[in-house]
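Thanks for asking me to look this over. My notes are below as numbered points, to be read alongside the model.

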Amino acid sequence: MTIPRREATPHDVEIEILYCGVCHSDLHTARNEWHFTAYPCVPGHEIVGRIKRVGDHVIKFKVGDVVGVGCMVDSCRECEYCKEGLEQFCVEGNIQTYNSPDKHLGSQTFGGYSEKIVVDESFVLRIPGNLDLAATAPLLCAGITTYSPLRHWNVGPGKKVGIVGIGGLGHMGIKIAKAMGAHVVAFTTSESKFAEAMRLGADEVVLSKDPAQMEAQRGKLHFILDAVSADHDVNAFLSLLRVDGSLALVGAPEQPLPVAAFSLILGRKSFSGSLIGGIAETQEMLDFCGKHGITADVEMIGISQINEAYERLLKGDVKYRFVIDMSSLKNE
Ligand code: NAP
Ligand code: ZN
Ligand code: ZN
């Protein structure tokens, strides 16, 4: 279908989209698993592209710059959270890259599975020059969604950190936690990812469906980042935390996850969540990844393979992020 894009206003940049990552949130939204999809829906919030046009008042960017757009394209910019750089928690609700009300054109926002996008420069990110562009696209969601909680819960040297669910988010979580200096334990349900988790940077790997391997980690972890997209037993993971440890959910399964009171009481543990990250922190994450040479492990697809990619995502069968080569949209 043909979607409308606004003419660039003085603060906007128009971006030709080169690559767009395929996040599991795209799948949840396309299939209305969170029950708030406005159709027609164009997903995609891991965007890397080249600037084709800049508005008269744009100061950060020029035509030809390679830039990124993540999950947000606007917010109120005036509430206490926006002022603190926590636009994702804007009291008015942040404007998501897709499936949010579009104050310019009146319908909903449309995401990165498209040829171009027009975005206010305040929500556009600089891409470090040394990184492969296609493999950088997933940093715009999977990268920041794991970087932000790892920073917030002070992951670093001397900390033992669990990453649960080795998909798009989880594999970035392993790489980033390792680069922060932590001891990283990867938890997977997929035997095929067991050896590979070590290659990604994990110090230990646990097959989470093996009770003996889980028992060996009991009470050992300072922090756990849970990136599982489907129903699973969080109590089994809470039991692996040390006293005062925290488990943060970034995965957003369709159904509620039951938590037993004693999973938290015995050990003063915290069960919490985290949503992407602010714009300044997203830039910080990109610069951190540039410095450490971190990108995603990607499988390139053309736009016509998207349904097959969604089916494979549901089976945990991607190593570790699908990225759409957006030139396929013009060619297919
Ligand atoms: P993904 O690539 O599909 O990875 C999810 C992983 O979870 C799978 O690779 C698999 O890892 C594990 N898993 C899947 N089904 C499972 C099951 N039934 N039981 C146990 N483990 C299972 O998805 P993603 O793109 O990384 O996204 C993960 C979740 O985070 C999604 O729900 C997504 O919507 C959400 N998300 C949240 C935010 C946020 O801001 N909070 C941002 C982006 C995405 P193993 O094979 O290793 O077990
Ligand atoms: Zn995402
Ligand atoms: Zn706000």
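1. Let me begin with the nonpolar interior of this predicted model. Its largest nonpolar core counts 77 residues, and Val-22, Tyr-113, Leu-150 and Ile-174 are the ones with the most contacts inside that core. Leu-150 is worth selecting in your viewer: beyond its neighbours within four places in sequence, Leu-150 is in contact with Val-155, Val-161, Ile-163, Gly-173, Ile-176, Ala-177, Met-180, Phe-223 and Leu-225. Separate from this is a second core of 16 residues, with Val-206, Met-214, Leu-221 and Ile-224 among its members.

2. Next, the helix that holds Leu-150. Helix H4 spans residues 142-152 and is mostly covered, with nine of its eleven residues buried. Those buried residues are Ala-142, Gly-143, Ile-144, Thr-145, Thr-146, Tyr-147, Ser-148, Pro-149 and Leu-150. What lies over them? The cover includes two helices, H5 and H10 (279-292), together with the strands E8 (160-164), E11 (221-226) and E15 (321-325). Just after H4, have a look at the backbone of Asn-154, where phi is positive at about 55°.

3. On to the ligand site. Which residues come nearest to ligand 1? There are 30 residues around ligand 1, and His-24, Thr-188, Thr-189, Ser-190 and Arg-321 are the nearest of them. By class, this shell is made up of 13 nonpolar, 14 polar and three charged residues. Helix H1 (24-30) and helix H5 (168-179) each contribute at least two residues to the shell, and H1 gives the most, with three. H5 therefore turns up twice in these notes, as it is also part of what covers the buried residues of H4, where buried means under 20% relative accessible area.

4. If you plan to look at the ligand's polar contacts, here are some distances to oxygen atoms of ligand 1. A polar side-chain atom of Thr-188 lies 2.5 Å from one such oxygen. Two other contacts come from the backbone: an N or O atom of Gly-168 lies 2.8 Å from an oxygen atom of the ligand, and a backbone N or O atom of Ala-252 lies 3.0 Å from an oxygen atom of the ligand. Taken alone, ligand 1 exposes 920 Å², of which the protein buries 89%.

5. Asn-99 deserves a moment too. Asn-99 sits in the loop between strand E5 (95-96) and strand E6 (116-120). Is Asn-99 buried or exposed? Asn-99 counts as buried because its relative accessible area is 14%, and the cut-off for buried is under 20%. The side chain of Asn-99 reaches two backbone atoms: the oxygen of Phe-36 at 3.2 Å and the nitrogen of Ala-38 at 2.7 Å. Apart from neighbours within four places in sequence, Asn-99 is in contact with Thr-29, Phe-36, Thr-37, Ala-38, Gln-108 and Thr-109.

6. Last, a polar residue in a helix. Ser-263 belongs to helix H9 (residues 261-265). With a relative accessibility of 13%, Ser-263 is classed as buried. Which side chain does the side chain of Ser-263 meet in a polar contact? The partner is the side chain of Asn-235, at 2.7 Å. Not counting residues up to four places away in sequence, Ser-263 touches Asn-235, Leu-238 and Lys-269.

How values were computed:
Residues numbered from 1 in each chain as written. Chains lettered and ligands numbered in written order. Predicted model: local features only at pLDDT ≥ 70, side-chain atom pairs only at ≥ 80, totals over all residues. Heavy atoms only, no water. Core = buried A, V, L, I, M, F, W, Y, C linked by side-chain atoms within 4.5 Å. Buried < 20%, exposed > 50% of the residue type's maximum accessible area, 1.4 Å probe, protein only. Contact = heavy atoms within 4.5 Å. Near = heavy atom within 4 Å. Polar contact = N/O pair within 3.5 Å; in protein donor to acceptor, adjacent residues only side chain to side chain. Areas by Shrake-Rupley, 256 points an atom, 1.4 Å probe, with all protein chains shown as cover. Helix = DSSP H or I, 4+ residues; strand = E, 2+ residues; numbered from the N terminus. Nonpolar A, V, L, I, M, F, W, Y, C, P; charged D, E, K, R; others polar.
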